[in-house]
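Let's take a walk through this one together, one piece at a time. Have the sequence and the 3D view ready, and follow along as we go.

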Amino acid sequence: MFDFGIIPPAMFVGMIIFMLYGFPVAFSLAAVGLFFGLIGVVTGHFEQAFLQALPLRIFGIVSNDLLLAIPFFTFMGAILERCGLAEDLLEGTGKLFGSIPGGLAYAVILVGAVLGAITGTVAASVITMGVISLPIMLKYGYNPRLATGVIAASGTITQVIPPSLVLIVLADQLGRSVGDMYLGAIGPSILQIAIFLLFILAMSIIRPKDLPALPPEARGELNMALVWRVLAGMVPSIVLIFLVLGTIFMGLATPTEAGALGVVGAMALAAMHRRLSWDLVKQGMHSTMHITAMVVFILVGATCFSLVFQGMNGGLWIEHMLSHVPGGAVGFLIFVNCFIFVLAFFLDFFEIAFIVIPMLAPVAQSLGIDLIWFGVLICINMQTSFMHPPFGFALFYLRSIAPRSVKTTDIYMGAIPWLCMQLILVAIVIFWPETVTYWLDHTPKVDPSTVKIEVPLFGAPGGGNQMPNFGLPPMNLGEPPKINP
Amino acid sequence: APAIAQSMPKISWRLTSSFPKSLDTIFGGAEDIAKRVAAATDGNFTIQTFAAGEIIPGLQAADAVSAGTVEMCHTCSYYYVGKDPTFAIGTAIPFGPNARLTNGWFYQGNGNKLLNEFYATHGLQGFIAGNTGVQMGGWFRKEINTVDDFKGVKMRIAGLAGRVVEKLGVVPQQIAGGDIYPSLEKGTIDAAEWVGPYDDQKLGFYKVAKYYYYPAFWEGGPVIHAFVNKQKFEALPKAYQTIIEDACAYANTNMMAKYDTKNPIAIKELVGQGTVLRPFSQEILEACFKAAMEVYADISAKNEWFKKIYEDQVAYKREGYLWNQLSEYTYDTFMMIQQRSGKL
Amino acid sequence: MSSLLAVSRGIDRVSEAVGKFSGYLVLACCLVSAGNAMIRYAFNYSSNAWLEIQWYMFGFVVLMGASHTLRCNEHVRVDLVYGALSERKRLWVDVIGIIVFLLPACLYLAWLSWPVFVLSVREMEISSNAGGLIRWPIKLVIFAGFALLALQGISELIKRIAGLMGIIDIDTKYEKPLQ
Ligand code: NA
Ligand code: NA
């Protein structure tokens, strides 16, 4: 434990104390990092110049174009929410399922899944979901623990459903293609949604009082007129979803730009429904500014922490702990998942991806573990890093938008069953790899020794695939013999 | 033996790489340096290697070395062309020398001497410590047969090469790393270039863009540099300085050897998976050559360092390519024909 | 104290103006990004300058907007302990937090960022991408962001001390209607 000094583990303890103190997370993280930075200079782990890396790292954060998705999708959500279109979608779904206990919860999960297919960042998804659905659920008497839990989990699931920032970062770290990671994640996303839905079903049987059916006066009589009205209310949001996905599929926009087109689309939709006003746009952009600054500043604080952690040989410490990994693929996977689960209490997924994954990938590969499967597995596990009380980011985001009547302990307690369901999925994927590999490209790998490549020579006669002769006469070394492909 | 202990003080350095660990051949260069230095000093001089982003973002490695944040980095000089275009010559410029002539120019010509005079103005001492050999020209969704086909092609291509192809109507697009694959897949961009078969295969571009063009005329023999903070280097014992220099030379040779071994297998696998190989046509190469010369004239008129070092390299290249016609070219062509006829 | 409160009001006004501007940049950033995509699709034209301006604006929103976010008490906290405290004790948490956490961290980060900006100006550093932007403005934003945040910290400190002395009323509720 202390082979690399007492400081790396002490940093985690320090982080817990600094955060529990209750000052804003971003500054507490920066302060705990710099506090230990001072210790590092005094103990000779590094010189003061080492901390000069911080502005470079902060520059790295703001120049990371992928983070643009945070303001884009948050802004889109803000407009949809303020003009009432998102509420129409959720309330509509809730009304259709309103007569069954847990109807709204089912709706939240499904809407979370759809939102997950548009956005790649948990922050945008949780905040959008929370703002739209928490007030309605509380209004109709849902247990706050259940309401916040289902929202946080359904928002967090965006990182397993493509597109996903986490999958992109993991693909990069594992040296696999983003496209394969996306394909591999399809099965587990469907399973995760199914597990969530089953849980709600079970809860509605065991404790129906926690998730009551909507009273008849709230849902209206279930007839064609209601169905029609509900569908009409849902159409705009659904159109927007297809618009955003469509721009990616048409090759009009990169996944990040699709968020910006979503903003324009949301404003256009609001205008079509005569709900767009300058005031609404202004409110939306200002709250987006606050959320973006708040979320990205947590990354800025975390970067101070992790730089110093690296400077204290924290990476070597983790590597050392991983050197005791038990043999065998299943043993390795169970150990690694437990390890990441524990680490996720303290580090956010960026840090895990950068520090831990590169150490695990070679071991996994030597055990014959498919790296796509491995990556998807880690991604599912890292969902929990957003859901851990008390430091899960998804819980922070939810806290920042929940009304005072919802106690912080409710948010924490509410997250626990969903955390367990995420772990159940981890176990399923470990013991049933086909959940991932079924979706992958199965064209058999070609034996390179059977492949013939015919490279045209300078000046040789041929068709469009002809090498230029650069104006020189062909080399007079005899006509090359024809080769059978 | 106290004398040995004195000449072998305990020193530990940090080295930040500009590359992720998943690029095992390039990142391996940094590990080679660290291992060799430790072995040659009986573990007294240790260099801890960090992948891109672990302590310093990949594109700012040299900044960190200049500032003394870390003692050493393993990076491409041309990532820093924004500071001074002369940095480009350190790695590769369009229509520069191939890997072998690059080594000649750096080690025995004026390459190392001149560039290190330039790097010193940024507080750096550079050692060439890796080469990928000539790279591939990238993945295209459609065929590029004429210069006209280049017009409006949206391509992810960085640095001076971007400036050159821009003159032919290509639209250089520096989109986010994670967006490249989906963008190429859906045609948001038309082309992207990366390294060569071995590294490109891992990214899976062959699934979304069929045509694999060659050669990357902008990277005929790109160098990966090890930069050391100049002050810290000069403060080292002479023996350690020599050991670093030798370790870098080893990394330089070993990386090239790895690529020469891995690329031939990877290219066959790629073709087996449906990749279609296409050479850039003579017309395109000539147009790009002309555009490159314009760019160099442009930069040389404004930048003394660039002019001086560029002209020295051109002179070396001119003689080198004359000799190459008598030597490598003739011999290689004959051997290639034997290969094609199955006699090897 | 009243002159200090006047200083605090002055700082608040600066942060608010910068924050408002950052809000408009969110909108501008979306429009530029959407415009980039549409123009590239329709005319096969694009430029790296227009791509880079997106994250320049993003950087401004994050680093300069953080001060106004602090003023509105919208930086998220772990409120297990904080939430259970009385108003007065919360003020104390903030006073100590600002003095021990926020001010040292922000001043130190500003101090570290300044030479990075100076170097960028001296080199007249530009983007390494064809047609990209000049770099010093965004590096100045890193420095200015932390400097402004430190200033805003001083303003918050003044207000909280005044609150503890009973001179002004301070609302320590930090959760707010977002979105
Ligand atoms: Na997603
Ligand atoms: Na390349």
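Start where chain A meets chain C: the two bury about 6,300 Å² between them, and carbon and sulfur atoms give 74% of that area. Keep in mind as you look around that this is a predicted model. To picture who takes part, count 76 residues of chain A in contact with 71 residues of chain C.

What holds charge against charge here? Across this interface there is one salt bridge, and you can find it by looking for R40(C) and E257(A), whose closest N and O atoms are 2.6 Å apart. Polar contacts add to the picture, with six residue pairs between chain A and chain C (both residues at pLDDT 80 or more). On the chain A side, the element that gives the most is helix α14 (residues 278-311), with 18 residues touching chain C. Sort that side of chain A by residue type and you get 52 nonpolar, 17 polar and seven charged.

Now have a look at chain A by itself. How many helices and strands does chain A have? The tally is 22 helices and zero strands. Of the 485 residues in chain A, 62% are buried. The chain also reaches across its own sequence: take the contacts between residues at least 6 apart, and 77% of them join residues at least 24 apart.

Next, swing over to the place where chain B meets chain C. Here 18 residues of chain B are in contact with 16 residues of chain C, and the pair buries about 1,400 Å², with 48% of it on carbon and sulfur atoms. This interface has one salt bridge too, made by K83(B) and E123(C), with 3.0 Å between their closest N and O atoms. There are also five residue pairs in polar contact between chain B and chain C (again, both at pLDDT 80 or more).

Which parts of chain B face chain C? Two elements give two or more residues to that side, α7 (159-166) and β7 (171-172) of chain B. The largest share comes from α7(B), with four residues. By type, the residues of chain B that touch chain C are six nonpolar, eight polar and four charged.

Stay with α7(B) for a moment. Six of its eight residues are buried, leaving this helix mostly covered. The buried ones are G159(B), L160(B), A161(B), G162(B), V164(B) and V165(B). What do these buried residues of α7(B) pack against? Their neighbours in chain B are α4 (86-91), β7 and α12 (282-302).

Last stop: the sodium ion (ligand 2). Its protein donors are Q135(B) (OE1), E193(B) (OE), W194(B) (O) and E219(B) (OE), at 2.2 to 2.3 Å from the ion. Read along the chain, the donors follow the spacing Q-x57-E-W-x24-E. Pick out W194(B) and E219(B), and you see the site linking distant parts of the chain: W194(B) is in the loop between β8 (191-192) and α9 (197-203) of chain B, while E219(B) is in the loop between β9 (211-214) and β10 (223-229), 25 residues apart.

Are these two donors buried or exposed? W194(B) is partly exposed, because its relative accessible area is 31%. E219(B) counts as buried, because its relative accessibility is 3% and the cut-off for buried is under 20%.

Technical notes. Residues are numbered from 1 along each chain as its sequence is written. Chains are lettered from A and ligands numbered from 1 in the order in which they are written. This is a predicted model: local features need pLDDT of at least 70, side-chain atom pairs count only at pLDDT 80 or more; totals for chains, interfaces and linings use all residues. Side-chain values use heavy atoms; hydrogens and water are left out. Donors are N, O and S atoms within 2.8 Å of the metal (3.2 Å for Na, K and Ca); water is not among the atoms, so sites may look incomplete. Buried means under 20% relative accessible area, exposed over 50%, partly exposed in between (1.4 Å probe, protein chains only). Contact means heavy atoms within 4.5 Å. Buried area is the accessible area (1.4 Å probe) that two parts lose on being put together, summed over both. A salt bridge is a side-chain nitrogen of Lys or Arg within 4 Å of a carboxyl oxygen of Asp or Glu. A polar contact is a pair of N or O atoms within 3.5 Å; within protein, one must be able to donate a hydrogen and the other to accept it, and residues adjacent in sequence count only if both atoms are side-chain atoms. Ala, Val, Leu, Ile, Met, Phe, Trp, Tyr, Cys and Pro count as nonpolar, Asp, Glu, Lys and Arg as charged, and the others, Gly among them, as polar.
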